[in-house]
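Subject: Structure for your review

Dear colleague,

Please find below the structure that I am handing over to you. My notes on it follow directly after.

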Amino acid sequence: MRQYIVKRLLLSIPTILGAITLLWFLMQLAPGDPALMFVPPDFQGEEAEAYLAKVNELYGFNDPLPVQYLRYMRNTLQFDFGTSLRTMRPVSEDLLRRIPNSLRLGVSAFMVSTAMGIALGVLAAIKRGTWVDSALMVFALVGVSMPNFWFAYVLILLFGLYLRILPPSGLGGLKHMILPTIVLGYTSAGYLTRYVRSSMLEVINHDYVRTARAKGVAERNVLIKHVLRNGLLPVVNVLGINVAFILAGSVIIETLFAWPGVGLYLIDGVVGRDFPVVQGAGLLIATSVVLVNLLTDVMLVYVDPRIRYE
């Protein structure tokens, strides 16, 4: 088991390095010159060109691409993400201030989606073929199919502007977390509900479940001791995917709800052509997804003996 964990850990290293490299090259392909944002609007002609040349030389934008890439990789491996081109503050300090906000929103959305997805999936499997099963599957299908940004706009208009019972945006207390948590949690719970239902139905048809019922075991004990215990094992792997969905969705949701997290920081960097911000925030999100998948694989080794024996 230790060899399996070490192997998965080693495989995650080239994945993170690949994400860093891809992110850097994508920013290089983006149109425009980020140094233009430093030129004062009253500078014109040769004066603007001279000032632009100084900025490019200061930040190393004139260096060949291989030199820029090696410098970027060296600084990134030292956890030095540079300085924001807009605010002139270290990117690492901005990220440290915003990470707790993203964690608050992400953890609450994960708890809502996990509780909702498992509960509704189990209920749909138990009530399969009934109107309850059909209603829950429609509920889950809407969550999977509906764009989260559209759902966010609906909730903002309904509860924030028309009813005025919840704040439509900003960072604050519990009320400020309700709407973004519902959006992230519901869209992720739809996928989990469908998967839990399929996994439960697969276990219900196994021989040992029929044997337990034939021996006279109470239906409640059959569901708890045999169906739930074995049917929820594959769900552990899906929970890792669920976290990735929440991380990806938080980029848009934080922007729509003006939630000062890493996702909003990334969007502001993209709009402002702020290379260090985009690279630092994008690297943090990509690394989080890789580490969550690694943690999920490790958890599967402990909860599923079949993987351990293999």
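Is Arg197 buried or exposed? Arg197 is buried, as its relative accessible area is 18%, and the cut-off for a buried residue is under 20%. Please bear in mind throughout that this is a predicted model.

Salt bridges

The whole structure was searched for salt bridges, and three were found. One of them joins Arg197 to Asp133, with 2.7 Å between the closest N and O atoms. Asp133 belongs to helix α5 (residues 131-145) and Arg197 to helix α7 (residues 174-204), so this pair ties together parts that lie 64 residues apart in sequence. Asp133 is buried, with a relative accessible area of 5%. Salt bridges with shared partners also join Arg89, Asp94 and Arg97 into one network.

Within that network, Arg97 forms a salt bridge with Asp94, and the closest N and O atoms are 2.3 Å apart. Both residues are in helix α4 (residues 91-126); because Arg97 and Asp94 are three residues apart there, about one helical turn separates them. Arg89 forms a salt bridge with Asp94 as well, here with the closest N and O atoms at 3.0 Å.

How accessible are the members of this network? Asp94 is buried, with a relative accessible area of 2%. Arg89, in contrast, is partly exposed at 39%, and Arg97 also counts as partly exposed, with a relative accessibility of 48%. Asp94 is thus a buried residue that forms salt bridges with Arg89 and with Arg97.

Nonpolar surface patch

A further finding concerns the surface. Which residues form a nonpolar patch there? The patch is made of Leu157, Leu158, Leu161, Tyr162, Leu163 and Ile165, and together these residues have about 580 Å² of accessible area. One of them, Leu161, lies in helix α6 (residues 148-162). Leu161 has a relative accessibility of 40% and therefore counts as partly exposed; a residue needs over 30% relative accessible area to be part of a patch.

For your first inspection, I would suggest beginning with the pair Asp133 and Arg197, which links helix α5 and helix α7. The network of Arg89, Asp94 and Arg97 could follow, and then the nonpolar patch that includes Leu161.

With kind regards

Terms used. Residues numbered from 1 in each chain as written. Predicted model: local features only at pLDDT ≥ 70, side-chain atom pairs only at ≥ 80, totals over all residues. Heavy atoms only, no water. Salt bridge = Lys/Arg side-chain N within 4 Å of Asp/Glu carboxyl O. Buried < 20%, exposed > 50% of the residue type's maximum accessible area, 1.4 Å probe, protein only. Helix = DSSP H or I, 4+ residues; strand = E, 2+ residues; numbered from the N terminus. Patch = residues over 30% accessible without salt bridge, like charges linked within 9 Å, V, L, I, M, F, W, Y side chains within 5 Å. Areas by Shrake-Rupley, 256 points an atom, 1.4 Å probe, with all protein chains shown as cover.
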